[in-house]
Amino acid sequence: MTMSILLARVDSRLLHGQVATFWTKQVNPNRILVVSDSVVNDPLRKTLITQVAPPDVKANVISVDKMISIYKDPKFDSFKALLLTETVADMVRLADGGVDFSSTGINLGNLAYTPGKRMLTDTVAVDDNIVSQIRQLTDDYHFDVYVQQVPSEKPQGVLNLIK
C-alpha cells in the first residue's frame, strides 16, 4: 500500500492562500506536501510556506528524492496528501521515481510567465521544454494532466490547449 494522493498540483507559487483555502476544503487532506528541492534548502521560504497551511492540516516541505522514498514507505500510508510542486519537471521526476498519479491526474494551477513562454490560459504559461514534459506525463505515464486554477472552474485537458 502507499499513501493516498488526493490532489497533485503544479503551482509556481506552491502553497498560498488559494490552495490553502479552496483546494484544501475541496480535497480534505490530512497533510500538505510541498515538494521542492529549492525550497527545502531555503529556511525563510520554507517557514513562510508552511505558515500558510490551514491550522488543521500539517504541511511539510520535502525534496523530490524524499517524496519518492516516503511514497512507498508503509509508515506514511495514513497520509492523505495534497501534493504541490513548483514545476512540471518535478512531477516528471516523481513519476520517474514511481509516484503514481493515475487516480488523481495532475493539476496545472499556475505556471508563471517568463520571456519565451506562451500563455495557455490566464495562469498557465509554457515553453517547448514544459510541453515536452507534459507530453511525457500524458504519453509515457498516461496521466490525465489538466488546467484548473480553483475547484469551481471546469478542468481543461492540457493536450487540447497545447495543440
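A residue is called buried when its relative accessible area is under 20%. In this predicted model, Thr 85 has a relative accessible area of 0%, and therefore counts as buried. The surroundings of this residue are described below, from the strand outward.

Thr 85 belongs to strand 4, which spans residues 80–85. Strand 4 is part of an open sheet of seven strands. The order is 3-2-4-1-5-8-9, and the pairing is mixed. Strand 3 (58–62) and strand 9 (156–157) form the edges, each pairing on one side only. Strand 1, residues 4–11, runs parallel to strand 4. Six bridges join these two strands. Within strand 4, Leu 84 is the bridge partner of Arg 9.

Contacts of Thr 85 were then examined, leaving aside residues up to four places away in sequence. Thr 85 touches Arg 9, Val 10, Asp 11 and Leu 14. It also touches Val 35, Asp 90, Met 91 and Leu 94. The side chain of Thr 85 also reaches the backbone oxygen of Thr 87, at 3.0 Å. Ser 63 lies 22 residues from Thr 85 along the chain. The C-alpha atoms of these two residues are separated by 9.9 Å.

Helix 5 covers residues 88–96. This helix lies across strand 4 and also across strand 1, strand 2 (31–35) and strand 5 (106–110). Relative to strand 4, helix 5 runs at about 130 degrees.

Definitions and conventions: Residues numbered from 1 in each chain as written. Predicted model: local features only at pLDDT ≥ 70, side-chain atom pairs only at ≥ 80, totals over all residues. Heavy atoms only, no water. Helix = DSSP H or I, 4+ residues; strand = E, 2+ residues; numbered from the N terminus. Buried < 20%, exposed > 50% of the residue type's maximum accessible area, 1.4 Å probe, protein only. Contact = heavy atoms within 4.5 Å. Polar contact = N/O pair within 3.5 Å; in protein donor to acceptor, adjacent residues only side chain to side chain. Pairing = 2+ DSSP bridges. Axes fitted to C-alpha atoms, helices over the stretch in contact; angles between N-to-C directions.
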